[in-house]
Amino acid sequence: MEKDGRPNWDSPMQFVLACVSYAVGLGNVWRFPYLCQLHGGGGFLIPYLIMLLLEGLPLFYMELAIGQKMRLGSIGAWTSISPYLGGLGLASVVTSVYLCLYYNVINAWSFWYLFHSFQSVLPWAVCPINSNRTGPTEECEVATPTQYFFYRETLNISSSIEENGGIHTGQALCLVLAWAITYLFIVRGVKSTGKVVYFTATFPYLVLFIYLIRGVTLHGAINGLKYMFTPKMAELANPRAWINAATQIFFSLGLGFGSLIAFASYNQHNNNFQNQAIVVSLINSGTSIFASIVTFAIYGFKATLNYENCLDRMRLLLLNTFDLAEDAISMDSVLEWTEKLNTTYPEQFAQIADKVREGECNLEKELDTAVEGTGLAFIVYSEAIKNMPLPQLWSVLYFFMLLLLGMGSMLGNVTAIITPLRDFKIMSRMSNELFSGLVCVFCLLLGLGFTTTSGNYWFTIFNDYAATFSLLFIVLIEVIAVSYIYGIKRFEKDIEDMLGHRPNWYWKIMWAVTSPLLLIGLFIFYIINYIQGGTPTYQAWNKELGESAVTEYPVFGQVFIVLLLVSSVSCVPLTALYAFCRKRKDRAYEKRPSAVSTVSV
Amino acid sequence: MLEKILLLLSLSLSVAEGLCKPGVGEAYKVRFSIKTALGDQAYPWNKNEMFLFRAALAFAMRDFTNGEEFGVSDIHPCNETQRVSFWFVVTRPKTMDLVDKGTVEMAIKKSRNRINGAFLLTDKTLEFDGIYPTLAAPVSPDTPPWLIVFGVVMGAVSVGIIALLVYPLVQRKLKKNMDADDEDSDEETGVKTAENGANDGIYNSTFSDDERFTQM
């Protein structure tokens with residue numbers, strides 16, 4: 001125990017694993033492979049690694065330094081740097097609250113899928129039969145069984161954000177379980193979190209490794225891997241690739257939420273966080289690359305399977321229309337037979353010409369369908385899993401890994417809320433357990449809104465807007481505050497105090513010049529994108545067509561988006577204003593003998 | 001190719017050629033996918049198999065009409081192809097009146113499994129064009145299996161939470177009992193948990209780090 005009685009990590013290893021567990025999350029698995037595919041495969045690694053050096057590492061280092069030095073959560077730490085900047089910490093807490101609300105819903109879905117994997121036939125492998133028992137349900141027939149399971153049975157999604165229905169009880173139960181487990185992990189503060197991260201940080205790698213072996217031995221995996229690793233260098237000229245690389249590094253490391261500050265605040269004063277920062281950032285990026293190898297192997301398998309099924313369908317169509325012997329056409333000769341039959345029996349072929357055109361089989365097209373986010377994790381992956389031998393085992397492993405990744409990140413998210421709030425005197429009178437419990441129950445009750453029938457659309461709003469813009473703003477102000485308001489010289493001295501040596505010129509240049517410039521660039525780009533993009537849209541599930549359609553948000557949706565953005569960003573100027581007014585008030589009472597203690601939070 | 005089809009046509013019963021017209025009236029098309037179903041163990045299609053088919057269909061008609069004595073000669077196939085697909089019509093026993101499509105369909109539906117079994121095929125590999133198989137009713141257990149797994153995990157988590165919450169209380173109680181026995185209880189109770197100590201004490205500014213706070 002330190003002199004101020006703050007709890008500590010049992011060992012520096014726990015701190016490193018906590019950071020790894022927090023940073024390595026679902027985004028590594030479902031966002032990075034998508035970006036890789038979008039921006040020319042292997043070539044994307046170049047802007048990615050450059051951005052890691054230019055902004056990822058320095059900002060990560062900076063947050064750890066602040067947390068370890070100030071030994072307070074984000075609100076207290078920023079107030080210590082400058083009383084006008086307490087709003088930064090508050091903005092971080094607000095953003096963390098938004099994140100907690102919707103992030104655990106993903107864990108709830110993972111639980112739902114995990115529990116449904118304990119069946120002899122995976123429920124997303126086959127369509128349920130309709131009431132006449134003549135065939136599959138309509139919606140399942142136009143879509144695929146995996147899509148049907150996700151949109152209808154998991155979410156019971158309505159057709160637009162305006163239509164609402166009741167709460168999906170299964171989802172609600174899974175959400176309760178997700179929050180119960182989160183509470184279990186954080187109830188004892190860093191003492192319990194520190195033990196849990198040994199497991200949540202390491203086990204996903206085991207699963208990823210098992211999946212790597214399974215993935216590359218699947219039939220057709222090589223197609224996916226070839227597709228990914230053929231670098232298309234032309235993409236490097238596209239500014240979007242660089243911007244996406246910058247934003248991906250930024251969000252992947254979890255900067256700006258206050259979690260890193262919170263974790264570091266439980267460190268020993270002389271903990272060598274410089275090496276730890278480098279290690280964690282490299283592990284995070286390495287995991288992204290590792291995960292995309294696995295993802296592309298699986299993509300390749302799925303695309304090849306779909307392609308071969310398509311060829312088989314074509315083959316059957318030709319056999320049945322022209323009444324040829326069963327072994328006349330093999331899978332390889334489908335295309336040449338199509339040509340032959342077209343020329344020899346043109347009228348008969350014309351009857352099925354439409355079907356042939358519609359069902360044209362193209363491996364490239366199958367590989368090109370780039371998916372990210374929940375669509376990748378819950379639809380594409382589960383479709384690939386159902387075709388593997390012994391699918392129940394792979395399904396359980398996969399969703400368990402998703403759960404660990406998600407829970408590990410949740411630990412950081414909830415700690416980012418609890419640590420700064422506990423630093424306030426009023427809150428610390430309540431016991432640790434009660435306070436954590438209240439936060440969890442609060443987030444649970446609000447999160448139940450995401451389990452309603454239109455819940456997924458609200459989830460998308462939060463996912464796209466709650467943490468993106470505000471984080472850029474927060475971290476931009478953070479780096480400017482540290483470099484120019486607090487001063488690089490003072491910061492250097494603090495680091496020397498903790499580590500025993502000053503940071504070298506690389507770090508200083510990054511903090512003072514490169515990172516702020518990059519962040520300002522990203523910030524401006526986001527604003528331009530938002531304005532140019534017109535009305536924000538979302539993907540609404542159309543159950544008659546069995547696909548998603550792009551729909552505009554209604555007015556209340558757009559207002560809500562603006563509210564989300566404004567509520568976190570405005571904390572900074574409002575708190576600065578509040579501090580300014582208080583300072584003026586206190587200056588008026590300066591003549592009084594009583595001690596002024598405005599900063600002791 | 002075309003010659004082979006003509007040859008097969010000529011092999012079919014000449015009597016029924018008039019009745020059995022593909023695509024017209026009461027005729028049904030049936031398609032066998034023997035190689036797909038049985039792979040290496042596929043049997044070749046020949047006249048004996050065709051006889052078996054006619055016998056199976058006659059059985060289906062007898063079973064459905066409950067006794068009308070359909071025979072093998074009442075099933076008339078035509079237009080046999082290499083695919084192993086052909087059309088057929090059913091006539092009433094002892095007359096040449098065609099049985100309507102509806103009756104034939106219901107008879108086949110009733111005995112579908114038996115017909116499939118006779119050929120070691122399934123609904124997918126022995127297709128009757130236009131007759132959709134009645135799919136098996138889904139097996140729905142009383143308690144959905146996912147709920148069972150959920151219950152187990154939820155129970156374990158609840159036990160864990162309760163244990164973590166109750167354990168320190170129990171420890172404190174035991175400690176208090178131990179202190180009551182010892183003589184130096186005063187010194188022990190002075191050491192409270194860190195939070196109380198940090199908040200209730202008076203902050204001694206002599207040892208404070210001035211640079212900790214920004215100058216206002």
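## Exercises: backbone, cysteines and strands

Val84(B) lies in the loop that runs between strand 2 and strand 3 of chain B, where helices (H or I, at least four residues) and strands (E, at least two) are DSSP runs numbered from the N terminus. The model is predicted, so local features need pLDDT of at least 70 and side-chain atom pairs count only at pLDDT 80 or more, while totals for chains, interfaces and linings use all residues. Residues are numbered from 1 along each chain as its sequence is written, chains are lettered from A and ligands numbered from 1 in the order in which they are written, and side-chain values use heavy atoms, with hydrogens and water left out.

**Exercise 1.** Describe the phi angle of Val84(B) and of Asn79(B), and establish how accessible Val84(B) and Asn79(B) are.

*Solution.* Begin with the backbone of Val84(B), a residue other than glycine, whose phi is positive and near 70°. Its relative accessible area is 11%, and Val84(B) is therefore buried (buried means under 20% relative accessible area, exposed over 50%, and partly exposed in between, with a 1.4 Å probe and protein chains only). Turn next to Asn79(B), which is placed in the loop between strand 2 (75-78) and strand 3 (85-90) of chain B. Asn79(B) is not a glycine, yet its phi is positive at about 55°; with a relative accessible area of 28%, Asn79(B) is partly exposed.

**Exercise 2.** Find how many disulfides the whole structure holds, and locate the partners of the one formed by Cys127(A) and Cys140(A).

*Solution.* Searching all chains gives 2 disulfides, a disulfide being a pair of cysteine sulfur atoms within 2.5 Å. In one of them Cys127(A) is joined to Cys140(A), with an S to S distance of 1.9 Å, and the angle of -80° about the S-S bond makes this link left-handed. The pair connects distant parts of the chain, 13 residues apart: Cys127(A) is in the loop between helix 6 (86-116) and helix 7 (138-142) of chain A, whereas Cys140(A) is in helix 7 of chain A. Cys140(A) is buried, at a relative accessible area of 2%.

**Exercise 3.** Characterise the disulfide of Cys310(A) and Cys361(A), then account for Cys174(A) having no bonded partner.

*Solution.* The sulfur atoms of Cys310(A) and Cys361(A) are 2.0 Å apart, and with -90° about the S-S bond the link is left-handed. The partners are 51 residues apart in distant parts of the chain, Cys310(A) in helix 14 (residues 273-322) of chain A and Cys361(A) in the loop between helix 16 (346-358) and helix 17 (363-368) of chain A. Cys310(A) is buried at 7%, and Cys361(A), with 16% relative accessibility, also counts as buried. For Cys174(A), the closest cysteine sulfur is that of Cys440(A), and because the distance is 17 Å it is too far for a bond; Cys174(A) counts as buried, at 0% relative accessibility.

**Exercise 4.** Determine the sense in which strand 1 and strand 2 of chain A pair, and identify what stands opposite Gln539(A).

*Solution.* Strand 1 (residues 537-542) and strand 2 (residues 547-552) of chain A pair in the antiparallel sense over 6 bridges, pairing being assigned if DSSP finds at least two bridges between two strands. Opposite Gln539(A) stands Val550(A), in strand 2 of chain A. The hairpin of these strands has 4 residues between them, and within it Gly546(A) takes a positive phi near 70°.
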